[in-house]
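Me: I should like to learn how the terms used for a protein model are justified. Please begin with the packing of two helices.

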Amino acid sequence: MTEFTMSTDADGVALIVWDTPGKSMNVMSIEGFHQLSRLVDDALADEAVTGIVLTSGKAGSFAGGMDLGVLAKMREDGGDDPAAGILDGILQIHTILRKIERAGMDERNKGGKPIACALPGTALGIGFEIPLACHRIFAADNPKAKIGLPEIMVGIFPGAGGTTRLVRKLGAMAASPYLLEGKLSDPKKAKAAGLIDEVCDDPLAAAKAWVLAAKPADIVKPWDAKGYKMPGGAPYHPAGFMTFVGASAMVHGKTKGVYPAAKAMLSAVYEGALVPFDTALKIEARWFTSVLLNPSSAAMIRSLFLSKEALEKGANRPDVPPQQVRKLGVIGAGMMGAGIALVSAMAGIEVVLVDQSKAAADKGRDHTAAYMDKGIARRKTTPEQKAAALALITATDDYAALEGCDLIIEAVFEDPKIKAEVTAQVLRHAPQDCIFATNTSTLPISQLAKASNNPEQFIGIHFFSPVEKMALVEIIKGRATGARAVAKALDFVRQIRKTPIVVNDARFFYANRCIIPYINEGIRMVAEGVSPALIENAAKLVGMPLGPLQLVDETSIDLGVKIAKATRSAMGEAYPDGAVDEVIFWMADEGRLGRKAKAGFYDYDEAGKRGLLWDGLAAKYPAGPQPPLIEVQQRLLFVQALEAVRALEDGVLSDIREGDVGAILGWGFAPWSGGPFGWLDMLGTPYAAERCEALAQAHGARFACPDLLREMAEDGIGFYQRFGPARTAAA
Ligand code: NAD
């Protein structure tokens with residue numbers, strides 16, 4: 001397959017065009033690397049060629065990144081020694097990029113040919129590491145284009161020289177948002193930050209003109225010139241010292257040490273800054289290899305990249321014609337309804353937002369105005385975009401305005417009676433074939449569907465709060481929900497660019513089913529006399545974004561009380577959470593309802609800023625001997641992961657990818673682990689089963705090993721071995 005082609009024009013400029021057949025955006029393959037290498041060799045050796053311009057044949061983009069198959073192949077090539085295979089493969093890539101950078105120069109920087117890169121648009125990952133190796137980078141003035149190195153977001157870091165080059169180009173401090181946070185920029189911002197050199201209407205022409213005019217000094221990278229000093233100072237320079245000490249603390253503060261990639265990248269940067277460039281590349285390659293061999297990076301790539309993308313592209317979409325939403329009705333303009341209207345209007349969908357009064361509906365629409373104003377203040381949005389979004393939202397108290405809607409989502413109070421009334425009222429005005437969705441977070445869909453005369457057109461579309469921020473949408477099939485309703489919900493989620501999971505109807509669906517036990521376990525430990533600080537820190541040190549006590553403060557303790565009472569009355573004798581209720585009912589009596597009351601498990605100041613854990617807890621539940629950290633962490637993770645396994649056993653989940661992606665995006669389940677199933681696989685099912693038994697003995701039946709996990713432990717197989725994508729597709 002030809003991925004790179006070359007032609008030389010009358011001026012002697014060789015144009016290398018990257019155009020991966022059959023893909024809308026270029027992705028780098030092993031064969032692609034070889035082709036690029038050969039063409040660069042040919043151009044450098046050809047006396048008729050004066051310089052090279054590298055560009056893409058795709059409109060609007062240079063390249064989206066590397067085919068992950070490249071890394072898998074390197075690992076395979078290593079046979080019994082995958083580390084050697086990866087290191088060797090990475091060093092070969094370095095050699096190719098270094099060849100571009102040196103462009104035939106000798107050791108005294110004499111005799112090379114200029115090589116420029118022309119980016120029609122988006123350049124990500126290896127698609128930006130290659131330009132970084134060229135002598136000058138030109139980009140089209142394309143505000144939609146994204147330029148940067150997002151590798152850290154999926155648990156790796158730029159390993160084809162991008163880390164070393166960017167740090168040497170910008171300095172460690174200036175490079176840190178791009179490397180440590182994976183920050184992406186449009187071309188103008190990328191130029192302002194020094195990532196690229198020029199933004200112009202015709203980058204190809206500009207690159208050619210530059211190549212023809214380039215002087216010998218223009219093609220020597222600063223780090224290859226005599227007297228190079230790293231911007232901002234290398235580690236032993238006083239300013240550099242400050243940066244590196246600060247960076248180390250900041251990275252550890254943010255990652256709590258559970259993300260191997262951030263730590264490894266920082267080591268590559270620090271150690272690389274102490275040595276010459278070519279040695280720094282080798283150091284980068286070694287750290288990159290160590291990260292690739294860490295199970296966390298494989299799990300993160302799988303869940304946050306491969307599975308997430310597969311779900312967004314409709315991996316579990318029924319085979320039904322496209323169901324794009326043209327006109328959306330949203331009933332209830334409160335916190336959730338207003339957010340749903342906002343994200344839909346931002347996706348260009350016409351929205352009718354209905355509430356009990358015109359004033360309440362207007363208030364919901366105002367949320368879009370306020371959100372857009374914030375974006376304008378931060379220069380992320382334009383007044384035109386704000387006007388366009390607002391023009392799409394009609395706020396009204398008149399259900400008749402729902403005429404012509406093809407999807408209606410209700411987000412009224414969490415009360416089955418009100419929801420039933422609203423459903424009946426909507427159906428009087430909505431078209432016959434309209435899909436009706438509920439955003440309920442706790443009420444069974446099949447039950448609510450009884451209010452509809454078309455239960456096959458009734459579905460749950462469960463957003464998380466705040467809607468504009470949370471990437472996950474949980475789609476819930478009721479017993480009678482039909483394929484078109486599922487497809488409609490999935491196509492809608494795709495339109496608003498969020499990530500869907502599709503689950504079956506059961507108490508609390510999937511996300512809340514797992515997160516409630518997490519919160520409860522934290523509260524239960526408080527009652528046992530475990531120090532609240534230990535509970536909160538144990539959660540964060542194992543990669544949870546919020547400790548269970550902070551989480552319950554955020555969601556409010558009275559909501560916890562309400563859910564506890566409803567669950568208790570539904571479950572009767574079997575209700576297992578009495579110990580938890582004792583604590584939260586007492587907290588509620590004390591008026592400590594959480595953040596909104598400026599008093600909860602934590603203290604808050606007048607402005608609502610969270611302070612320390614409330615010392616009243618220690619007075620009521622005095623600390624006894626404290627359990628080891630690992631015990632607290634395992635309780636907090638197992639209690640969620642076992643619920644995920646039970647959700648799979650019960651058929652609430654039908655695809656473990658949805659279980660893992662949903663857990664990370666829905667409630668932040670330790671992302672380094674790739675999700676609950678990824679975590680259990682990482683522990684190994686035999687060890688996981690053994691730990692459950694021990695925890696069940698010590699702490700109760702909620703840790704009892706589910707049959708499915710026991711069976712798998714006996715067979716010595718993992719969840720992805722048994723239920724991975726190939727199996728799911730075959731099922
Ligand atoms: P909210 O109280 O902020 O808003 C509810 C809105 O519905 C109010 O504006 C109210 O005036 C309106 N309403 C009530 N009866 C109505 C009727 N008959 N016709 C039209 N409008 C009516 O509540 P919320 O937090 O936005 O929650 C709404 C739904 O979303 C609930 O089912 C809730 O369980 C679910 N949910 C909430 C969250 C969350 O974090 N708040 C998360 C996921 C799902």
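Reply: Helix α5 (residues 162–170) packs against helix α11 (residues 277–293) at an angle of about 135 degrees, and their axes lie 9 Å apart. Helices here are DSSP runs of H or I with at least four residues. This is a predicted model, in which local features need pLDDT of at least 70 and side-chain atom pairs count only at pLDDT 80 or more, whereas totals for chains, interfaces and linings use all residues. Residues are numbered from 1 along each chain as its sequence is written, and side-chain values use heavy atoms, without hydrogens and water.

Me: Why is α5 called oblique to α11?

Reply: Angles under 35 degrees count as roughly parallel, over 145 as roughly antiparallel, 65 to 115 as roughly perpendicular and the rest as oblique. The angle is about 135 degrees, and therefore α5 is oblique to α11.

Me: Which residues make the contact?

Reply: With contact meaning heavy atoms within 4.5 Å, G162, T163, T164, R165 and R168 of α5 meet F277, A280, L281 and E284 of α11.

Me: What makes the pair formed by N439 and the ligand a polar contact?

Reply: A polar contact is a pair of N or O atoms within 3.5 Å; within protein, one must be able to donate a hydrogen and the other to accept it, and residues adjacent in sequence count only if both atoms are side-chain atoms. A polar side-chain atom of N439 lies 3.0 Å from an oxygen atom of the ligand, so the pair meets the cut-off. A backbone N or O atom of M335 also lies 3.0 Å from a ligand oxygen atom, and for G334 the corresponding distance is 3.4 Å.

Terms used
Axes are lines fitted to C-alpha atoms, for helices over the stretch in contact, and angles run from 0 to 180 degrees between N-to-C directions. Helices (H or I, at least four residues) and strands (E, at least two) are DSSP runs, numbered from the N terminus.
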